[in-house]
Amino acid sequence: MMTDYLTGDWFDSLPDSLLLLIFNKIGDVKALGRCCAVSRRFHSLIPLVDNVRRSSRLHQGSCVTHHSPTQVFENFNEIKFLNIELPSGELGIEDEVLLRWRADFGSTLHNCVMLGASTVNYVDKRSSKSLYTNGGLKLRVVWTISSLIAASARHYLLQPIISEHKTLESLVLTDADGQGVLCMNREQLEELRVKPLAASSASKRTMVPALNTRLWYAPCLELPDGTVLKGATLVCTRPSDQSVQREVSDELWVSSAFEEPFGTAAKMLVKRRTYCLEMNSF
């Protein structure tokens, strides 16, 4: 009797609902694939997992066969929450430069917030350089355009996944460098399914519409934790055809765009002088 107690397969006594709860806690595609090979029962339950993530960090130092995005998730039929992490950000920038962005998409860009700085350190070396010194404004326009191109390329990559998985309610695409985040909620996902994206003829990315852009700049921004951003820049962009009247203030909009201490930096910058720009579609 004691032997049966110790060697019995206790997973057989667990209900499917509890096993699915466990699998949803696991979440990672690679780990779930291994679970799928354990038994016929596991194989039948894994496609019902609704919280899935793919992390590039799990593959470091190992030989991995590369698959298209649709192939990676083709065995999952009920995904509601999907989080994908790319191995690195698309923007090759110098080590001392800070560049972070967050973009929200439907069938096209809804909004994008970019935070940049020439250097990040904990030593307060005051700078009196203006936005227009030594091509400062041009550099920040380049940062903004580069971030928008990276975001639109990710959006284009996700389109087949969104089309295949009708149950999706939330999709987040990040990178291991923490450089950029692309987000889509349930309404935005449905918008893309109903209204196909407009692709750029030049490359595999979504067309960026004409934009209204607001920019805030500080030659030197000292944060409460001692971090000092030199040439700190915050850029918020929205399509030009959106109403000028906004439901929330820019301060509230950017407050959740970045992790700390950069969320605080964004909230400090948005209180400074505003520069308004316009960009054509590209």
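In which sense do strand β8 and strand β9 pair, and over how many bridges? Strand β8 (residues 211-222) and strand β9 (residues 228-239) run antiparallel, with 11 bridges. Strands here are DSSP runs (E, at least two residues; helices are H or I, at least four), numbered from the N terminus, and two strands pair if DSSP finds at least two bridges between them.

A quick word on the model: it's predicted, so local features need pLDDT of at least 70 and side-chain atom pairs 80 or more, while totals for chains, interfaces and linings use all residues. Residues are numbered from 1 along each chain as its sequence is written, and side-chain values use heavy atoms, leaving out hydrogens and water.

Back to β8, which has these pairings:

| Strand pair | Sense | Bridges | One bridge |
|---|---|---|---|
| β8 and β9 | antiparallel | 11 bridges | T213 with T237 |
| β8 and β10 (residues 274-279) | antiparallel | 6 bridges | N212 with E278 |

β8 and β9 make a hairpin with 5 residues between them, and G226 in the turn has a positive phi of about 100°.

Now for the end of the loop story: P261 sits in the loop between α8 (250-255) and α9, and a cis peptide bond joins E260 to P261, with omega about 10°. In helix α9 (residues 262-269), the buried residues (under 20% relative accessible area, 1.4 Å probe, protein chains only) are F262, G263, A265, A266 and L269. They cover an arc of only 160° around the axis (taken from the directions from the helix axis to the C-beta atoms), which puts them on the same side of α9.

Terms used:
Buried means under 20% relative accessible area, exposed over 50%, partly exposed in between (1.4 Å probe, protein chains only).
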